[in-house]
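Let's take a walk through this fold, starting from its empty space and working outward through the helices. Keep the viewer open as you read.

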Amino acid sequence: MRLYLIRHGESANNALQARNGGDSTGRAPDPELTETGHRQAALLADYLAHPHGDPLQHPRVAPEAAPQGFGLTHIYCSLMTRSILTAEYVAKACKLPLVAHGDIFENHGIFDHAEDGTKVGLPGPDQDYFKTRFPDLQLPSGMNQAGWYSRPFETTELFLQRANQVAVEFERRHIGSDDSVAMIIHGNLIDQLINEFTGLGRQDENYASHWEANWATHNTSITRIDFKSNARVIVYTNRLEHLPAELTTW
């Protein structure tokens with residue numbers, strides 16, 4: 001099984017922080033893609049659909065015997081708008097269904113700041129919203145008319161528990177197969193899933209730095225992990241060949 005962890009295109013919040021030197025004052029709880037984010041997503045989709053887009057196969061496999069493209073078989077996104085919008089481009093280009101997963105959202109969930117400055121979880125859009133705006137999106141089973149998030153602000157401890165559960169579930173779902181799986185998700189979750197899949201710990205000094213990550217990822221960057229038997233091999237991280245320099249953003 002090959003797993004591609006792909007970050008969404010530039011969101012309005014990403015652009016806001018870039019303009020303000022990292023300050024997120026005025027952020028949106030569930031931001032849209034910017035015009036740049038849409039351009040990034042379109043280029044990403046063309047790249048993932050190209051028959052020779054991923055030639056970096058195992059060196060002991062003869063080139064003529066190895067697949068040269070991504071050969072995606074599954075595409076998952078979160079229920080956050082920036083993830084869905086990015087993944088829509090990919091699903092259309094690759095002619096695959098787009099499947100939303102309820103637990104692969106960004107660290108902290110959908111939240112805003114109360115008047116006293118505390119962070120408060122918000123419900124997020126409901127089932128009718130998704131069916132109207134994203135009619136081709138396959139929603140998780142059991143969704144009701146309440147907003148899909150509808151829970152408190154997610155602490156780091158709860159985020160780590162969720163990331164572990166996601167890693168276990170996706171291994172159980174796809175391990176031992178020839179599946180080529182794309183998860184078009186979020187930077188903090190990509191970072192922690194790499195930690196989970198490879199058994200690497202979170203280095204405290206890294207999460208106290210300006211990156212707040214073991215693994216930094218640009219918008220629409222691609223990270224590949226290969227699964228075979230008990231091996232988990234990072235083939236590459238933060239790959240951006242599909243973007244010109246002027247479209248490279250955080």
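Before we count anything, a word on terms: a pocket here is an open set of grid points with protein on both sides within 12 Å along at least five of seven lines, and a lining residue has an atom within 4 Å of one of those points. Helices and strands are DSSP runs, numbered from the N terminus. Bear in mind too that this is a predicted model.

With that settled, go to the largest pocket. It holds about 1,300 Å³ of space. Its lining is made up of 42 residues, and those nearest the centre are Arg7, Asn14, Gln17, Asn188 and Glu212. Which helix gives the most to this lining? That's helix 1, with five residues. Helix 1 (12-19) is joined by strand 4 (111-113), helix 5 (156-174) and helix 6 (187-198), each of them supplying at least two residues. As for chemistry, the lining divides into 14 nonpolar, 19 polar and nine charged residues.

While you're at helix 1, pick out Asn13, which lies in it. Is Asn13 buried or exposed? Its relative accessible area is 13%, and since the cut-off for buried is under 20%, Asn13 counts as buried. Once you set aside neighbours within four places in sequence, Asn13 is in contact with Arg27, Ala28 and Pro31.

Next, helix 5, another contributor to the pocket lining. Helix 5 runs for 19 residues and reaches 27 Å from its first C-alpha to its last, close to the 27 Å expected at 1.5 Å a residue. Its buried residues are Phe159, Arg162, Ala163, Val166, Ala167, Phe170, Glu171 and His174. They cover an arc of only 165° around the axis, which puts them on the same side of helix 5. The numbering fits a general rule: an α-helix has 3.6 residues a turn, so residues three or four places apart point the same way. Flip to the other side of helix 5 and you'll find Glu157, Gln165 and Arg172 exposed. What does the buried side pack against? The partners are strand 2 (74-77), strand 7 (180-185), helix 6, strand 8 (222-228) and strand 9 (231-239). After helix 5 comes Gly176, with a positive phi near 80°.

Helix 2 (35-49) tells a similar sort of story. At 1.5 Å a residue its 15 residues should span 21 Å, and the end C-alpha atoms are 22 Å apart, which agrees. Gly37, Gln40, Ala41, Leu44, Ala45, Tyr47 and Leu48 are the buried ones. Looking down the axis of helix 2, these fall within an arc of 165°, so they line one face of the helix. The face turned away from that buried side carries the exposed residues Glu35 and Asp46. The buried residues of helix 2 pack against strand 1, helix 3, strand 8 and strand 9.

Follow that contact into helix 3 (81-94). Ten of the 14 residues of helix 3 are buried, so it is largely enclosed by the rest of the structure. Among the elements covering those residues are helix 2, strand 2, strand 3, helix 4 (127-133) and strand 7. For a close look, try Thr86, which lies in helix 3 and has 0% relative accessibility. Not counting residues up to four places away in sequence, Thr86 touches His8, Gly9, Leu33, Ala41, Leu44, Ile184 and Thr220.

Just after helix 3, Lys95 takes a positive phi of about 55°. Lys95 sits in the loop leading to strand 3 (98-100) and, at 73% relative accessibility, counts as exposed. His108 also has a positive phi, about 85°, although it is not a glycine; its place is in the loop between strand 3 and strand 4.

Finish at Ile6 in strand 1 (residues 2-7), which is buried at 0% relative accessibility. Its contacts, leaving aside neighbours within four places in sequence, include Leu44, Leu48, Ile184, Ile190, Thr220 and Ile222. Ile6 and Cys77 are 71 residues apart along the chain, yet their C-alpha atoms are separated by 9.7 Å.

Terms used: Residues numbered from 1 in each chain as written. Predicted model: local features only at pLDDT ≥ 70, side-chain atom pairs only at ≥ 80, totals over all residues. Heavy atoms only, no water. 1 Å grid on protein atoms, 1.4 Å probe; cavity = no way out; pocket = protein on both sides within 12 Å on 5 of 7 lines; lining within 4 Å. Points joined across faces, edges and corners; volume = space filled by probe spheres on them. Helix = DSSP H or I, 4+ residues; strand = E, 2+ residues; numbered from the N terminus. Nonpolar A, V, L, I, M, F, W, Y, C, P; charged D, E, K, R; others polar. Expected span 1.5 Å × (residues − 1). Buried < 20%, exposed > 50% of the residue type's maximum accessible area, 1.4 Å probe, protein only. Arc of directions from axis to C-beta. Contact = heavy atoms within 4.5 Å.
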